[in-house]
Amino acid sequence: MATNKEERETYYESIIKQGYSRRDFMKFATYIAAYMGLENSMVGQVAKSLETTYRVPVIWEHFQECTCCSESFIRSDHPIVADIILDKISLDYTLTLMAASGHQAEAAKKATMEKYKGEYILCVEGSVPMGDDGNYCCIAGQSAKDILIESAAGAKAIIAWGSCASNGCVQSAKPNPTNATPIHKIIKNKPIIRVPGCPPIGEVMAGVIIHMVTFGRLPELDRLGRPKAFYAKRVHDSCYRRPYYDAGLFAETFDDKNAKDGYCLYKLGCKGPMTYNSCGTIKWNNGVSYPIQSGHGCIGCSEENFWDNGPFYKRIAKVPGLHEEGLADDIGKIGAGVLAGGLALHAIGANISKRKELASRINRGISNEKDIDS
């Protein structure tokens, strides 16, 4: 990357150079603003920032992970996310996508760290093994622990991509033999954005970066360091099966009629009531679907310790935060009670109505007999 601003490209210049039109650019600005939860009036600010902001230098580290976060990002719904945003910001250093390797790759990273100290964003994919002094994961002769500390020293901010970097994920599941550790438990002196999910949604990842580019600061975070725009609601809250949950209507097996009719999957182990993510609103695969819509319960992959939170297909005994709604059995009993009560009231009302009608007919009959006799 060039060292003077005259030779550096803005995001807009880079997008146009890649063959996209001004119309494509504005559609992208509108698209990403919507995903960030911004009002329509903010589209202009997003577009202006991308037009005038020089591309942010990024160092993208990979530690204990499966690269599903990068895979999710490059398969984003919008081509500009995959072809431009990821490609351009990550040219400085990313082991997965950069052309250089070995000494050339490491030299590129060192150059960025020196030229843009205090300016670059450090993206981390994967947990860091702290066991055996970090020797379970080594790159270019250094342990992941040492690489993280060195890369974080000059970073403006850190983005922890995915559940591995955010909370340890499967590597930290019991008994956690490598002592896999999330980033925020190692780096304490830098602002850290946690973007959990296995993997996170590509549009969520793009939205986090574009927010930082547009506003020059971190997005609003919850108490766990997650962007509120994407993690403020439970999957349960936006689930189209939610009305069935409230009505006490549940699938008992994956192939029963209730499941086929779209009933709630809570009894089959769905973790939607305790999982904070935007799967039900943004969805996956170009917005086509998400696990629950495809007939499979949420496994809670964006929550801490989700590998140790019990079997995926076993119902949660107690759901944090759902005490005001009750458990499935209680809701089912209440629903059944209300239904039974309604049927009883209906039966009583029907009987009263029938008795009144019968009495009316008897009286009319008596009256008619008197008229005939007279």
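Here, buried means under 20% relative accessible area, exposed means over 50%, and partly exposed covers what lies in between. With that cut-off in hand, E51 at 25% relative accessibility counts as partly exposed. Bear in mind that this is a predicted model.

**Salt bridges**

So what does E51 pair with? The side chain of E51 meets that of R22 in a salt bridge, 2.1 Å from N to O. E51 sits in helix α3 (residues 43-52) and R22 in helix α2 (residues 22-35), so this pair ties together parts that are 29 residues apart in sequence. R22, with a relative accessible area of 38%, is partly exposed as well.

How many salt bridges turn up in a search of the whole structure? The count is 16. Three of the pairs are set out here, E51 and R22 among them.

| Acidic residue | Basic residue | N to O distance |
|---|---|---|
| E51 | R22 | 2.1 Å |
| D133 | K145 | 3.6 Å |
| E220 | K228 | 3.2 Å |

Take D133 and K145, whose closest N and O atoms are 3.6 Å apart. D133 lies in the loop between β4 (128-129) and β5 (138-139), while K145 belongs to helix α7 (residues 144-153), so the salt bridge links parts 12 residues apart in sequence. Is D133 buried or exposed? With a relative accessible area of 55%, D133 is exposed, because the cut-off for that label is over 50%. K145 has 22% relative accessibility and counts as partly exposed; the buried label needs a value under 20%.

E220 and K228 also form a salt bridge, with 3.2 Å between the closest N and O atoms. E220 is exposed at 56% relative accessibility, whereas K228 comes out as partly exposed at 36%. Beyond that pair, there is a network to look at: R234, D237, R242 and D246 are joined into one by salt bridges that share partners.

**Helix α9**

Now for a helix with quite a bit of cover. α9 is mostly covered, with 14 of its 14 residues buried. What span should α9 have, given its 14 residues? At 1.5 Å a residue, the helix (residues 202-215) should span 20 Å, and its end C-alpha atoms are indeed 20 Å apart, so the expected and modelled values agree. Right after α9 comes G216, and the phi of G216 is positive, near 70°.

Terms used:
Residues numbered from 1 in each chain as written. Predicted model: local features only at pLDDT ≥ 70, side-chain atom pairs only at ≥ 80, totals over all residues. Heavy atoms only, no water. Helix = DSSP H or I, 4+ residues; strand = E, 2+ residues; numbered from the N terminus. Expected span 1.5 Å × (residues − 1). Buried < 20%, exposed > 50% of the residue type's maximum accessible area, 1.4 Å probe, protein only. Salt bridge = Lys/Arg side-chain N within 4 Å of Asp/Glu carboxyl O.
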